[in-house]
Structures are given as structure tokens and as C-alpha cells.
Amino acid sequence: MTFGRVLFPALGLVLLPLPLVAQGLPALTLSQGAEGTTYSLPLQIVLLMSALTVLPSLVLGMTAFTRIIIVLSILRQALGTQQTPPNQVLIALALFLTAFVMQPTLTTIYTEAVSPYLENRLPADEALRQGSKHLHAFLIQNTRKADLLMFSDLSHQGPFAGPEDVPYPVLLPAYLTSELKTAFQIGFLIYLPFLVIDMVVASVLMALGMMMLSPVLVSLPLKLLLFVMVDGWSLLVGSLAAGYGAG
């Protein structure tokens, strides 16, 4: 009971609208000045904790992480290596490659939005507007036009004057749908040569009468040999990064 009495008021505090919180609690204050809106330290902490709760969704849905992790997962399945590389390695590789792909966009956001805001040269609302503008440009550049048209029709919005006028509620689902489609297209191209190896090995074993020998045991070293000989990791990672214009 004690835990519930502490937890529910805390959740209610986080979910309250910020102006109401600022007016109801003296420690959480907003002040308007010549330099723009100033947030008190407790209010900044509340904003930071709220942002951390949606950070995983932002990493998954507004970066290159979705396409990269799906392609790596399909590659592991095509190789037939079960849990090798393990999930932790695939996620780490996907995160590092995502950071590499997103570096130009994140650097621009930091230079033109975050740094001026921290130096009190830009108000919070203008910094948010500047940062979202550059992220919007990255998303719109990597979204298929057909997906944008579909979600704009579903939401009964548009036509838009230009790409920069597409709102985030339309752009985000269109971007994710486009990323999923691209990831599965890449995964098909990766899976195809390994599937051919499996079929050839199974046919040879059947022709030799080795019914009891699993084709996976024979095809696995052949697939690993092929992947290593063509320098598969470099080709795959380089192609994923080049698909976003990195490098």
C-alpha cells in the first residue's frame, strides 16, 4: 500500500500538463523574459525524465536503427547460425552503425539548436523548431513518396506545398513503413544466395542417398565460407551506410 501511495501521485505529476504543474508547485516555475522562456531546475528534471521514457521509441522510429537491425537479423537467419552473432552483438553493431549514419544530422542539430540553447542564445521553442527541422529533412529524404501519399490520404491531409510541410503524424508512420519495406527487400537479396546453397546441398545429399544426414550441417560451413570470401560484413555494413548517403 505504501508503494502505491507513492507511485500513483508520482505518475500523476508526470502526466499533468506542464503549465498546470508549473502553476501548482512553486518549485516548478516558468518565467518569461527578454531571452525567452526560462525553466526552473526541478522542471528541467521533470522534462528530462519524461524525455528519457520516450527515448527508445525515438531511437527505433526516427533513426536508421529499424532497417539495420532487421537486415542483420535476416542475415543471421539466412546463415543458419542460430544465436551467432548473439543479440547483444547485433544490437551493438546496429547502434554504432546508426550513430555513424545519423552523425551528420545529429551534428547539425547540436550546432544549430542544442548548443545555442545551452549558451542561452536561443529560446527553447526556437531550438526545438530548429532541431526538428533538420530531423524532418532526414526523415523525408528516406521516405518513399507512395507511403507519404498513403498516410496523407488516410489522415485526410494534404496536398502539401512542399516536403517541409509534411507534419510529423504523417511522416513518422510513412518513414517506418518505408524502412520496413526497404529492409525486407535487402533481406531478400541477402537470403537468396544462401537459399540456393541449401537447395544444392539438399539435392546432392538426396542424390547420394544420405537421407539421415542433415543438409544444415553441410551447408552451414559452405555458407560461412562464401560469406567470408566475399567479405560479407564489409559489403553489408557499407551498403547499409551508403543507402542513407553516409560515407
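This report covers the nonpolar core, a nonpolar surface patch and one buried glutamate in a predicted model.

## Basis

Local features need pLDDT of at least 70 and side-chain atom pairs count only at pLDDT 80 or more, while totals for chains, interfaces and linings use all residues. Residues are numbered from 1 along each chain as its sequence is written, and side-chain values use heavy atoms, without hydrogens and water.

## Nonpolar core

The largest nonpolar core (buried Ala, Val, Leu, Ile, Met, Phe, Trp, Tyr and Cys residues joined through side-chain atoms within 4.5 Å) has 38 residues, of which I68, L75, L139, F194 and L236 touch the most other members. Two or more residues come from each of α4 (65-79), α5 (87-118), α6 (124-141), α7 (145-154), α8 (168-207) and α10 (232-242). Helices here are DSSP runs of H or I with at least four residues, numbered from the N terminus. The most core residues, 10, come from α4.

Leaving aside residues up to four places away in sequence, L236 touches (heavy atoms within 4.5 Å) V71, L72, L75 and I190.

## Helix α8: patch and buried glutamate

Eight residues of the nonpolar surface patch, its largest share, belong to α8. L192 is in α8 and is partly exposed because its relative accessibility is 38%, between the limits for buried (under 20%) and exposed (over 50%), with a 1.4 Å probe and protein chains only.

E179 also lies in α8, but is buried, with a relative accessible area of 0%. Its side chain makes a polar contact (N or O atoms within 3.5 Å, one able to donate a hydrogen and the other to accept it) with the side chain of R67, at 2.7 Å. Residues up to four places away in sequence aside, E179 touches T63, A64, R67, N142 and Y244.
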